[in-house]
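Dear colleague,

I am passing on the structure we talked about, and I would be glad if you could look through it alongside the notes that follow.

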Amino acid sequence: SKDDEFRVIGIWGMGGIGKTTLATVLYDRISYQFGACCFIENVSKIYRDGGAIAIQKQILRQTVDEINLDSYSPSEISGIVSNRLCNRKILVVLDNVDLLEQVQELAINPRLLGAGSRMVITTRDVHILKVYGVHAVYEVPLLNNNDACELFHRKAFKNDDPTSGCVRLTPEVLKYAQGLPLAVRVVGSFLCTRNATQWRDALYRLRNNPDNKIVDMLQVSFEGLHSEDKEIFLHIACFFKGEKEDYVKRVLDACGLHPHIGIQNLIERSLITIRNQEIHMHEMLQELGKKIVRQQFPEEPGSWSRLWLYQDFHHVM
């Protein structure tokens with residue numbers, strides 16, 4: 001039956017949307033059903049620091065309590081993975097995978113695993129899941145307004161009775177966060193215990209200069225892009241959000257940026273979406289793009305690579 005087959009599930013979405021949280025909840029709920037389990041956090045960092053062998057060692061330490069692994073060569077470690085996991089019903093969660101090799105080089109042979117084994121991969125890049133051949137992909141959605149409101153109230157007000165002035169500003173905060181759980185949590189925690197006047201100042205600041213925790217989380221996706229795709233991302237952030245896809249592709253093509261593959265890459269990395277043949281981008285990602293353009297010379301528009309506000313253009317002229 002399908003329940004007995006080895007299956008790989010992908011959890012996909014933009015930075016800060018809650019992929020790790022979802023994978024953790026899933027792991028806590030189903031891990032008791034398996035003979036051996038492991039949850040490998042931040043696979044991309046482990047791989048950068050120590051390669052596939054570092055991930056394999058973590059899998060072995062968590063699933064079969066292997067501890068004396070440092071004396072083995074990479075090929076010996078791969079052999080141990082194959083032998084020790086053979087015929088065992090295992091659950092492996094690989095969190096934050098950003099390269100295909102991070103999964104392919106683990107020497108986990110589905111045919112040798114016990115019936116009912118499962119692997120869960122969380123990533124910002126759905127192309128990795130497609131190429132690896134996952135059985136099902138779950139795209140994590142943004143929070144709806146009710147869930148965002150509930151999460152925000154938990155962070156901003158704790159158990160205290162919220163003041164009416166702050167409650168009235170809640171819709172503005174939720175409009176700013178646009179359903180991104182990370183933004184709701186970070187802003188809610190920052191506003192906690194502050195008064196309505198401080199809330200207004202904080203909101204004004206955030207609109208012009210997003211919180212560093214949020215920016216850092218989102219910027220990881222940008223930094224991993226091909227140089228031409230970075231340019232496409234910045235063009236969309238500054239000029240083309242909400243424009244028709246065909247029109248944007250024609251303009252980008254004229255700029256020599258190969259948009260047919262570039263725009264697809266941005267979609268696969270959860271940086272843009274296409275709705276009604278229009279290109280859409282989360283406002284936080286748009287602000288990230290504008291911040292990247294401004295960051296070296298924040299007060300000197302004449303030194304920016306792009307100008308999108310009339311007053312800046314007028315000032316430079």
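**A nonpolar surface patch**

Phe313, Val316 and Met317 together make up a nonpolar patch on the surface, and their combined accessible area comes to about 310 Å². Please bear in mind throughout that this is a predicted model. Within the patch, Phe313 belongs to helix α15, which covers residues 310-316, and its relative accessible area of 43% is why Phe313 counts as partly exposed.

**The chain as a whole**

The chain has 317 residues, of which 47% count as buried, and its secondary structure consists of 15 helices and seven strands. The C-alpha trace spans about 70 × 55 × 40 Å along its principal axes, while the area that the chain exposes is about 16900 Å², with 48% of it supplied by carbon and sulfur atoms. Among the contacts with a separation of 6 or more, 73% are made by residues that stand 24 or more positions apart.

**Aromatic pairs**

There are seven aromatic pairs in the structure. One of them joins Phe157 and Trp199, whose ring centres are 5.7 Å apart and whose planes meet at 20 degrees, so this pair is classed as stacked. Because Phe157 sits in helix α6 (residues 145-157) and Trp199 in helix α9 (residues 196-208), the pair ties together parts of the chain that are 42 residues apart in sequence. Both Phe157 and Trp199 are buried, and together with Phe152 they form one aromatic cluster.

Another of the pairs is formed by Phe239 and Phe240, and here the arrangement is edge-to-face, with 6.1 Å from centre to centre and 65 degrees between the planes. As for their surroundings, Phe239 is partly exposed, with a relative accessible area of 33%, whereas Phe240, at 9% relative accessibility, counts as buried.

**Cysteines**

How many disulfides does the structure hold? The number is zero. Cys192 is in no disulfide, and the nearest cysteine sulfur, which belongs to Cys166, is 10.0 Å away; with a relative accessibility of 11%, Cys192 counts as buried. Cys255 is likewise in no disulfide, its nearest cysteine sulfur being that of Cys238 at 13 Å, and because its relative accessibility is 46%, Cys255 counts as partly exposed.

With best regards

Technical notes. Residues are numbered from 1 along each chain as its sequence is written. This is a predicted model: local features need pLDDT of at least 70, side-chain atom pairs count only at pLDDT 80 or more; totals for chains, interfaces and linings use all residues. Side-chain values use heavy atoms; hydrogens and water are left out. A disulfide is a pair of cysteine sulfur atoms within 2.5 Å. Buried means under 20% relative accessible area, exposed over 50%, partly exposed in between (1.4 Å probe, protein chains only). Patches are made of residues with over 30% relative accessible area and no salt bridge: like charges are joined within 9 Å, nonpolar side chains (Val, Leu, Ile, Met, Phe, Trp, Tyr) within 5 Å. Accessible areas come from the Shrake-Rupley method with a 1.4 Å probe; for residues, only the protein chains shown count as cover. A salt bridge is a side-chain nitrogen of Lys or Arg within 4 Å of a carboxyl oxygen of Asp or Glu. Helices (H or I, at least four residues) and strands (E, at least two) are DSSP runs, numbered from the N terminus. Contact means heavy atoms within 4.5 Å. Rings of Phe, Tyr and Trp (its six-membered ring) pair if their centres lie within 6.5 Å; planes under 30 degrees apart count as stacked, over 60 as edge-to-face and the rest as tilted.
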